[in-house]
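Please open the model in your viewer and keep the selection tool at hand. The tour goes from stop to stop, saying what to select and what is there.

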Amino acid sequence: MRPRGVQLLCAVLLIGCIWQYQRFYAPRGHGRRSAVDGGGQPAQTQDIQAAAQGILAPTPESPTAEAAPSVAPASSSAALVPSSVAPAPGQRAKSPAQKPRETDPSQIDCTGISFFINPEPFKREFHSISDLSNFRDALGRFPCKVNSSEEAVFVMQWGYHTCNEAPELLRLPPRSPTRPYVVWWQCHRDNPELRARPDFIFCTFDLLDWNLANDSAPLLEGATIAPPKRAKFRGNPLVPAKYFVTFRGGINQRYHTTRADLAKSFKDYQKIRPDVHVYLNKPPQGAPSFWELADTTYALLPRGHSRWTYRFSETMGTCAIPVILANNWSLPFAPLVNWSEAAIFLDQRYAKNATELLSMLPTDPDVIRKMREKSCEIADRFFATEEKRVYGFLLSAKAVVAKRAERLNGASTAPPAP
């Protein structure tokens with residue numbers, strides 16, 4: 001056979017292999033899904049709250065378009081899910097994900113959140129984590145970006161991925177503590193000199209990511225961004241989900257046994273309760289796929305290598321209730337969101353006993369509906385687009401600086417010690 005014919009045959013075989021993989025493996029969460037829930041491999045001022053409620057409200061193309069911009073009461077469930085998307089009796093409690101329309105830039109209030117991007121580190125490969133480049137791109141085109149550090153509230157220092165880059169950061173010229181550098185930092189060990197800089201605040205997926213072994217260590221001062229990834233469908237909080245509790249992912253851990261404990265305590269638990277499916281590593285033959293299991297009331301989010309996990313953002317998108325099994329994880333948009341209304345926080349020790357863990361989850365239908373509605377509401381406001389994620393992060397950073405200013409003003413007016 002001629003060389004050209006051999007090349008053509010190889011190309012056909014390769015396309016066939018890819019098609020077979022997509023058909024038989026990808027839908028069930030194997031291979032490319034292994035990192036999705038792998039544990040993330042690897043109070044507030046009124047103006048900030050008002051901005052979060054007004055600008056980050058659902059857009060007309062969102063499934064929650066009929067909801068008011070401000071937080072809707074839990075009882076006004078009709079506003080969250082219009083009749084056009086509510087399923088008929090017997091239908092699955094979900095609807096296809098819709099692409100929300102970006103917020104009109106003229107509606108964005110840049111007061112207190114203007115920023116300048118240091119271009120040199122920004123040019124670097126942003127991160128090894130997939131899809132995070134979308135956040136960087138949205139930040140780069142956000143309307144609150146200014147052309148110089150002198151006119152900016154924040155100076156973005158993005159692109160620092162290793163602990164060896166600390167000296168470069170420490171050489172930065174001083175700024176006002178209330179007009180700080182915002183440093184993307186993903187180093188898994190402490191650097192007291194960086195933490196001591198009064199003109200730094202930090203940005204990462206977890207403000208305790210610098211110490212993966214000690215859950216009681218102090219958090220970095222800064223703002224957490226939402227993990228990348230999005231859901232493939234939007235849940236309907238007015239209709240009971242197919243499953244009560246689910247999780248599917250790898251064990252993937254170094255510092256804690258949370259996932260291994262979960263695998264042991266929930267082994268074959270679906271035989272006891274068909275509405276509870278928890279699978280670690282390779283699931284049994286015939287198990288529901290990853291996205292089938294996403295149609296759930298509660299989604300377990302156990303820590304892996306790190307406390308944060310991709311699955312958090314996916315869970316929010318499906319309007320499920322996140323069950324956080326990651327002690328002291330600093331959730332995204334914490335200054336703007338009362339997460340206790342939409343999520344369950346359990347100590348990691350509950351992973352050792354499936355029955356005890358399940359007993360901690362509310363079963364009252366009204367409580368579940370309200371929490372799922374709140375999950376939907378937060379997802380529409382802060383997770384729906386990259387622009388909303390960026391804006392939520394900037395408002396969170398503004399809240400951090402406001403709290404710092406209050407602390408500094410209090411220290412300056414405090415009477416001298418006797």
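Which two cysteines form a disulfide with their sulfur atoms 1.7 Å apart? Select Cys163 and Cys187, which form that disulfide; a disulfide here is a pair of cysteine sulfur atoms within 2.5 Å. Before going further, note that this is a predicted model, in which local features need pLDDT of at least 70 and side-chain atom pairs count only at pLDDT 80 or more, while totals for chains, interfaces and linings use all residues. Residues are numbered from 1 along each chain as its sequence is written, and side-chain values use heavy atoms, with hydrogens and water left out.

**The disulfides**

Stay with Cys163 and Cys187, where the torsion about the S-S bond is about 95°, so the disulfide is right-handed. This pair links distant parts of the chain, 24 residues apart, with Cys163 in the loop between strand 3 and helix 6 (166-170) and Cys187 in the loop between strand 4 (181-185) and helix 7 (192-196). Helices (H or I, at least four residues) and strands (E, at least two) are DSSP runs, numbered from the N terminus. Cys163 is buried at a relative accessible area of 17%, and Cys187 is buried at 3%, where buried means under 20% relative accessible area, exposed means over 50%, and partly exposed lies in between (1.4 Å probe, protein chains only).

Next select Cys110 and Cys144, a disulfide with an S to S distance of 2.0 Å. The torsion about this S-S bond is about -85°, so the disulfide is left-handed. Cys110 sits in the loop between strand 1 (94-96) and strand 2, and Cys144 in the loop between helix 5 (132-140) and strand 3 (154-160), so that the pair links distant parts of the chain, 34 residues apart. Cys110 has 26% relative accessibility and counts as partly exposed, whereas Cys144 is buried, with a relative accessible area of 1%.

Now move to Cys319 and Cys376, joined by a disulfide with an S to S distance of 1.9 Å. Here the torsion about the S-S bond is about 120°, so the disulfide is right-handed. Cys319 lies in the loop between helix 10 (311-317) and strand 11, and Cys376 in helix 12 (residues 365-383), so the pair ties together parts that are 57 residues apart in sequence. Cys319 is buried, with a relative accessible area of 1%, and Cys376 is likewise buried, with a relative accessible area of 1%.

The count comes to 3 disulfides, and, with bonded cysteines counted along the chain, they follow the pattern 1-2, 3-4, 5-6.

**Strand 9**

Select residues 276-280, which make up strand 9; 5 of its 5 residues are buried, so the strand is largely enclosed by the rest of the structure. In a regular strand the side chains alternate between the two faces of the sheet. Turn the view to follow them: Val276, Val278 and Leu280 point one way, while His277 and Tyr279 point the other way.

Add strand 8 (residues 243-249), which pairs with strand 9 in the parallel sense over 5 bridges; two strands pair if DSSP finds at least two bridges between them. One place to look is Arg248, whose bridge partner in strand 9 is Tyr279.

**Four asparagines**

Just past the strand, select Asn281, in the loop between strand 9 and helix 9 (290-293). Most residues other than glycine have a negative phi, and most peptide bonds are trans. The phi of Asn281 is near 60°, a positive value, and that of Asn328 is near 65°, also positive. Asn328 is found in the loop between strand 11 (321-325) and strand 12 (344-345).

Go next to Asn118, in the loop between strand 2 (115-117) and helix 4 (119-122). Show the side chain of Gln157 as well, since the side chain of Asn118 makes a polar contact with it at 2.8 Å; a polar contact is a pair of N or O atoms within 3.5 Å, where, within protein, one must be able to donate a hydrogen and the other to accept it, and residues adjacent in sequence count only if both atoms are side-chain atoms.

End at Asn211, in the loop between strand 5 (200-204) and strand 6 (222-224). Asn211 has 17% relative accessibility and counts as buried, and a polar atom of its side chain lies 3.3 Å from the backbone nitrogen of Ala213.
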